[in-house]
Amino acid sequence: MESGSRGEEALAYSNAATKRARLQSMLSALLDDPILADVPKKPTVTDVETLINLELGSAMKLTVVKMDNTHFDIAVLNSSTVKDLKMAVERKTNEIEQGQMGHRHISWRHVWANYCLCHHNEKLLDDASFLSNYGLRNNSKVHFFPFVTSKLSQKHSRRRKHRFFHGLSKRS
């Protein structure tokens, strides 16, 4: 009797493994389809919902231009805030870096402390404000801009060049 239950377990396991393999092959075939080129390789439910909303018109596609003039596209809901945009930029950048270089850690705390996002020379500084307040629409461009927050006011101030021996004077 015990050998019969082992045989059933092995059959059930092989069926589950077969189903999983078929599902993975179907998923990879779907993701290789050019129509679904904008779907990430490991999509989450949120990613899929955002892409569906993009097709329905309740989301917008934004182009993020990096400091080296390379760019990438992201999709966010029309009701998104600056914080949502930053999180989407983080996800997309991490995905790109993983694909190109493998595991690589980016300190987003450092990035957001030294840079901000900018649209038509207007800095997106308030994380709680809506993107529509800044005039962002579908197919808008957002740029990274070098800025740092001052520790006292927690607001962005112009970035200063650091001089290593600034206070030292030459002795003759």
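1. Read from its N terminus, the chain follows the order α-α-β-β-α-α-β-β-β-β-β, a pattern that comprises 4 helices and 7 strands. The model under review is a predicted one, and the remarks below should be read as a description of that model.

2. On the overall packing, the chain has 172 residues, of which 26% count as buried. Its accessible surface comes to about 13,200 Å², with 55% of that area belonging to carbon and sulfur atoms. As for how the chain is connected through space, 48% of the contacts with a separation of 6 or more are made between residues 24 or more positions apart.

3. The structure holds 1 salt bridge, which joins D127 to K86, the closest N and O atoms lying 2.9 Å apart. Since D127 sits in the loop between β4 (122-124) and β5 (141-146) while K86 belongs to helix α3, the pair ties together parts of the chain that are 41 residues apart in sequence. In general terms, side chains of opposite charge can pair when their charged atoms come close. The two partners can also be described by their accessibility: K86 is buried, at a relative accessible area of 12%, whereas D127 counts as partly exposed, at 27%.

4. The loop between β4 and β5 deserves a second look, as L136 is also placed there. L136 counts as buried because its relative accessibility is 1%, against a cut-off of under 20% for that class. Leaving aside residues up to four places away in sequence, L136 touches M60, L62, H119, L124, L131 and V142. For one of these partners, M60, the separation along the chain is 76 residues, while the C-alpha atoms of L136 and M60 are 8.8 Å apart.

5. Still in the loop between β4 and β5, N139 has a positive phi of about 65° although it is not a glycine, and its side of the accessibility scale is that of an exposed residue, at 52%. N69 likewise has a positive phi of about 65° without being a glycine; this residue lies in the loop between β1 (59-65) and β2 (71-77) and is exposed, with a relative accessible area of 63%. A colleague checking backbone geometry may wish to look at N69 and N139 together.

6. Where does R104 lie? R104 is found in the loop between α3 and α4, and it is partly exposed, with a relative accessible area of 42%. Not counting residues up to four places away in sequence, R104 touches E97 and Q98. The C-alpha atoms of R104 and N94, which are 10 residues apart along the chain, are separated by 8.0 Å.

7. The second largest pocket encloses about 300 Å³ of space and is lined by 13 residues, among which K66, T93, I106, W108 and V111 lie nearest its centre. Helices α3 (82-101) and α4 (108-114) each supply at least two residues of that lining; α3 is thus a recurring element in this note, as it also holds K86, a partner in the salt bridge.

8. On the outer surface, V48, I52 and L56 make a nonpolar patch of about 290 Å². L56 is found in helix α2 (residues 45-56), and L56 is exposed, with a relative accessible area of 66%.

9. Which strand holds F145? F145 is found in strand β5 and counts as partly exposed, at 24% relative accessibility. The C-alpha atoms of F145 and K123 are separated by 8.1 Å, although the two residues are 22 positions apart along the chain.

Key. Residues numbered from 1 in each chain as written. Predicted model: local features only at pLDDT ≥ 70, side-chain atom pairs only at ≥ 80, totals over all residues. Heavy atoms only, no water. Patch = residues over 30% accessible without salt bridge, like charges linked within 9 Å, V, L, I, M, F, W, Y side chains within 5 Å. Areas by Shrake-Rupley, 256 points an atom, 1.4 Å probe, with all protein chains shown as cover. Salt bridge = Lys/Arg side-chain N within 4 Å of Asp/Glu carboxyl O. Buried < 20%, exposed > 50% of the residue type's maximum accessible area, 1.4 Å probe, protein only. Contact = heavy atoms within 4.5 Å. 1 Å grid on protein atoms, 1.4 Å probe; cavity = no way out; pocket = protein on both sides within 12 Å on 5 of 7 lines; lining within 4 Å. Points joined across faces, edges and corners; volume = space filled by probe spheres on them.
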